[in-house]
Amino acid sequence: MKSLIIKFGLLATLLMVLIELSNYSVFTANHYREFLIVLSALALVIFGYLLKNQVNTRSSLLKRKQLPDDEKLALLQMSKREFEVLAKIAEGKSNSEIADLLFVSENTIKTHVSNIFSKLNVKRRTEAIKQAKEYGLL
């Protein structure tokens, strides 16, 4: 991701230099528009870099073993009920079995599973279990 941000920044800078060279005139001192475009490109690069650092910080916080489970759930914005569903998934239970155990409908469990997948950034149950173990939740 970092290399993508750097490549984007270099590409934007190169583009601005080419625009400037095409409009170059010794007698014209009005470069306000180009300056704003370059400044905008640099702001986007900085924003992307800071966003990437924030995601990395959250991941590293979650992987710390000494962090209490409640704080890890808060970082993931995962509810206690979603955590219960995740634990049942780790036990190998199906959606209907989990619904029976927790006294809710199967559609509710499907919603919880979908939310868990998005919060852990996974697509399958096995990936969710693996990611939860990496974060020290299971």
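# Exercises on an all-helical predicted model

The protein contains seven helices and zero strands, and the structure shown is a predicted model. Read from the N terminus, its elements follow the order α-α-α-α-α-α-α. Of its 138 residues, 25% count as buried, and the accessible surface amounts to about 9,700 Å², with 62% of that belonging to carbon and sulfur atoms.

## Exercise 1. The buried side of H5

Work out which residues of helix H5 (residues 95-102) are buried, and how they are placed around the axis.

*Solution.* Begin with the list of buried residues in H5, which holds Asn95, Ile98, Ala99 and Leu102. These residues lie on the same side of H5, because they cover an arc of only 100 degrees around the axis. The spacing fits a general property of helices: an α-helix has 3.6 residues a turn, so residues three or four places apart point the same way.

Next, ask what lies over the buried residues of H5: the cover includes helix H4 (80-90), helix H6 (106-120) and helix H7 (125-134). A residue to inspect here is Ile109, which, when its neighbours within four places in sequence are left aside, is in contact with Val85, Asn95, Ile98, Ala99, Leu102 and Val104.

## Exercise 2. The nonpolar core

Identify the residues with the most contacts inside the largest nonpolar core, and the elements that give two or more residues to this core.

*Solution.* The largest nonpolar core has 20 residues, and those with the most contacts inside it are Met78, Val85, Leu86, Ile109, Ile116 and Leu120. The elements that give two or more residues to this core are helix H3 (69-76), H4, H5, H6 and H7. Among the contributors, H6 gives the most, with five residues. As a general background, nonpolar side chains tend to be buried together in soluble globular proteins.

For a view of the whole protein, take the contacts between residues at least 6 apart in sequence: of these, 53% join residues at least 24 apart.

## Exercise 3. Salt bridges and their surroundings

Find how many salt bridges the whole structure has, and then examine the pairs Arg81 and Glu84, Lys119 and Glu82, and Glu127 and Arg124.

*Solution.* A search of the whole structure gives four salt bridges, and three of the pairs are treated here in turn.

1. Arg81 and Glu84 meet through their side chains in a salt bridge with an N to O distance of 2.9 Å. The two residues are three apart in helix H4, which means that about one helical turn separates them. Arg81 is partly exposed, with a relative accessible area of 31%, and Glu84 is likewise partly exposed, at 33% relative accessibility.

2. Lys119 forms a salt bridge with Glu82, and the closest N and O atoms of this pair are 2.8 Å apart. Lys119 belongs to helix H6 and Glu82 to helix H4, so the pair ties together parts that are 37 residues apart in sequence. To classify the partners, recall that buried means under 20% relative accessible area: Glu82, at 4%, therefore counts as buried, whereas Lys119, at 23%, counts as partly exposed.

3. Glu127 and Arg124 meet in a salt bridge of 3.3 Å, N to O. Glu127 is partly exposed, with a relative accessible area of 32%, while Arg124 counts as exposed, at 52% relative accessibility.

## Exercise 4. Positive phi values in two loops

Locate Phe103 and Asn121 relative to the helices, and decide whether each is buried or exposed.

*Solution.* Phe103 comes just after H5, in the loop between H5 and H6. Its phi is near 60 degrees, a positive value in a residue other than glycine. With a relative accessibility of 75%, Phe103 counts as exposed.

Turning to Asn121, the loop between H6 and H7 is where this residue lies. Phi of Asn121 is near 60 degrees, again a positive value in a residue other than glycine, and Asn121 is exposed, with a relative accessible area of 70%.

## Exercise 5. A nonpolar surface patch

Name the residues that make the nonpolar surface patch of about 290 Å², and describe the setting of Leu39.

*Solution.* The patch is made by Phe35, Leu36 and Leu39. Leu39 is placed in helix H2 (residues 32-63). A residue needs over 30% relative accessible area to belong to a patch, and Leu39 is partly exposed, at 44%.

Notes: Residues are numbered from 1 along each chain as its sequence is written. This is a predicted model: local features need pLDDT of at least 70, side-chain atom pairs count only at pLDDT 80 or more; totals for chains, interfaces and linings use all residues. Side-chain values use heavy atoms; hydrogens and water are left out. Patches are made of residues with over 30% relative accessible area and no salt bridge: like charges are joined within 9 Å, nonpolar side chains (Val, Leu, Ile, Met, Phe, Trp, Tyr) within 5 Å. Accessible areas come from the Shrake-Rupley method with a 1.4 Å probe; for residues, only the protein chains shown count as cover. Helices (H or I, at least four residues) and strands (E, at least two) are DSSP runs, numbered from the N terminus. Buried means under 20% relative accessible area, exposed over 50%, partly exposed in between (1.4 Å probe, protein chains only). The arc is that of the directions from the helix axis to the C-beta atoms. Contact means heavy atoms within 4.5 Å. A nonpolar core is a set of buried Ala, Val, Leu, Ile, Met, Phe, Trp, Tyr and Cys residues joined through side-chain atoms within 4.5 Å.
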